[in-house]
Structure formats: structure tokens, C-alpha cells
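Got the viewer open? Let's take a walk through this one, a stop at a time.

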Amino acid sequence: MYSWKLLGIIKRKTEIVFILIGAKMDNDKIIYLQMIQSTIERMSTTSAIFKGFCATIMTGITAISFQDTNKWILLLSFLPVGCFYALDTYYFILERKYRILYELVRMGKKDIDYDMRIKLKKSECIDGGATLGESLRSPSIYLYYFPLFMICIVILIIKFCGGI
């Protein structure tokens, strides 16, 4: 298997030509990168599972809201949404940290020691977007959980104002 290193870029009139040099990648590096990649895949799968659970719970809460239930019990609807929001954000940060680890190993900036613990510098986390602020601004987080919070708020307003 070959890894390609960028040697230079030449800009012509209508095209950009990348000059690549091939370098043989050793078997240890490939195995280590596969280990990191499988961890990244599990993190993204976990995120999808959290979103599915949260959608199921929100469907149940919406169905319950149309029945005669105590209005104050509907306030509990924020709890599971908030918990899944926090868990999903946590796993999203971990996934980004593993992506940074993957890049460090791929570029040869980290030794191949098969260590799956994430020991990154703060500057590497900031540059790679593996911070809480960056994760909360990720579309995969806020475009999913913000509407769920809005649905909870609308249901509570309707119930407390004497609607449904």
C-alpha cells in the first residue's frame, strides 16, 4: 500500500497540478490506522443510535401530550433530550479527537505504539475542532437537537396555555 506525500503544487493557466511522491507504508502503520478508524466508526454509530433513541422518546412525549396528563410531567421531556444532547456532544468530541490522532499517525507525527488513549495537546484539539464550543456549533448536533428543544417548548406552551 502506498501513501502519497505532497511534494509541491504547480499552478498552470486553467489547472492546478499536484506533485505527489509515493512512499511505501509499513504494515504496523496500516494496522494502527485501522484500529483508530474502527474506533471512529463506533463513535459515529453511537451518535446515530443516540439520535434514534431521542427521536423515539420525543415521539412518545408528543403522543402523551395529547392525552390528559399532568402538565408538570411534560417538563420532564427536557431531561432525556438534554441527556442525549450531552452524550452525543461528548462522543462527537471524542470522535474528533480520534480523527486528530489518525491524522497525526498518518502524517508520521506520532509513533506507532498501538496506544488508543488520546494524549493531545490543547493546541491540537483547538486546531482540529475537538472542543466543546466547536462541537456545539456542528450542524450534526445543533440542527438535530435545537428543533427537539423547540418541540418540547411548543408542547409545554400549548399545554400550559390551555390548548390541546
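Start with the whole protein chain in view: 29% of its 164 residues count as buried. Keep in mind that this is a predicted model. Switch to cartoon and you get 5 helices and 2 strands, running along the sequence as β-β-α-α-α-α-α. Now turn on contacts: among those with a separation of 6 or more, 70% join residues 24 or more positions apart. With a surface on, the protein chain exposes about 10,800 Å², and carbon and sulfur atoms supply 64% of that area.

Next, select helix H5, residues 139-160, and find Ile157 in that helix. Ile157 is partly exposed, because its relative accessible area is 48%. Add Tyr142, Leu143, Phe146, Met150 and Ile153 to the selection: together with Ile157 they make a nonpolar surface patch with about 570 Å² of accessible area.

Now for the aromatics. There are 9 aromatic pairs to look for. Take Tyr144 and Tyr145: the ring centres are 5.0 Å apart and the planes sit at 80°, so this pair is edge-to-face. How buried or exposed is each partner? Tyr144 is partly exposed at 23% relative accessible area, whereas Tyr145 is buried at 0%.

Stay on Tyr144 and show Lys51 too. The charged end of Lys51 sits over the Tyr144 ring, 5.9 Å from the ring centre.

Last stop: select Phe50, Phe53, Phe84, Tyr90 and Tyr91, which form one aromatic cluster.

Terms used
Residues numbered from 1 in each chain as written. Predicted model: local features only at pLDDT ≥ 70, side-chain atom pairs only at ≥ 80, totals over all residues. Heavy atoms only, no water. Patch = residues over 30% accessible without salt bridge, like charges linked within 9 Å, V, L, I, M, F, W, Y side chains within 5 Å. Areas by Shrake-Rupley, 256 points an atom, 1.4 Å probe, with all protein chains shown as cover. Salt bridge = Lys/Arg side-chain N within 4 Å of Asp/Glu carboxyl O. Helix = DSSP H or I, 4+ residues; strand = E, 2+ residues; numbered from the N terminus. Buried < 20%, exposed > 50% of the residue type's maximum accessible area, 1.4 Å probe, protein only. Phe/Tyr/Trp six-rings, centres within 6.5 Å; stacked < 30°, edge-to-face > 60°. Lys NZ or Arg CZ within 6 Å of the ring centre and 35° of its normal. Contact = heavy atoms within 4.5 Å.
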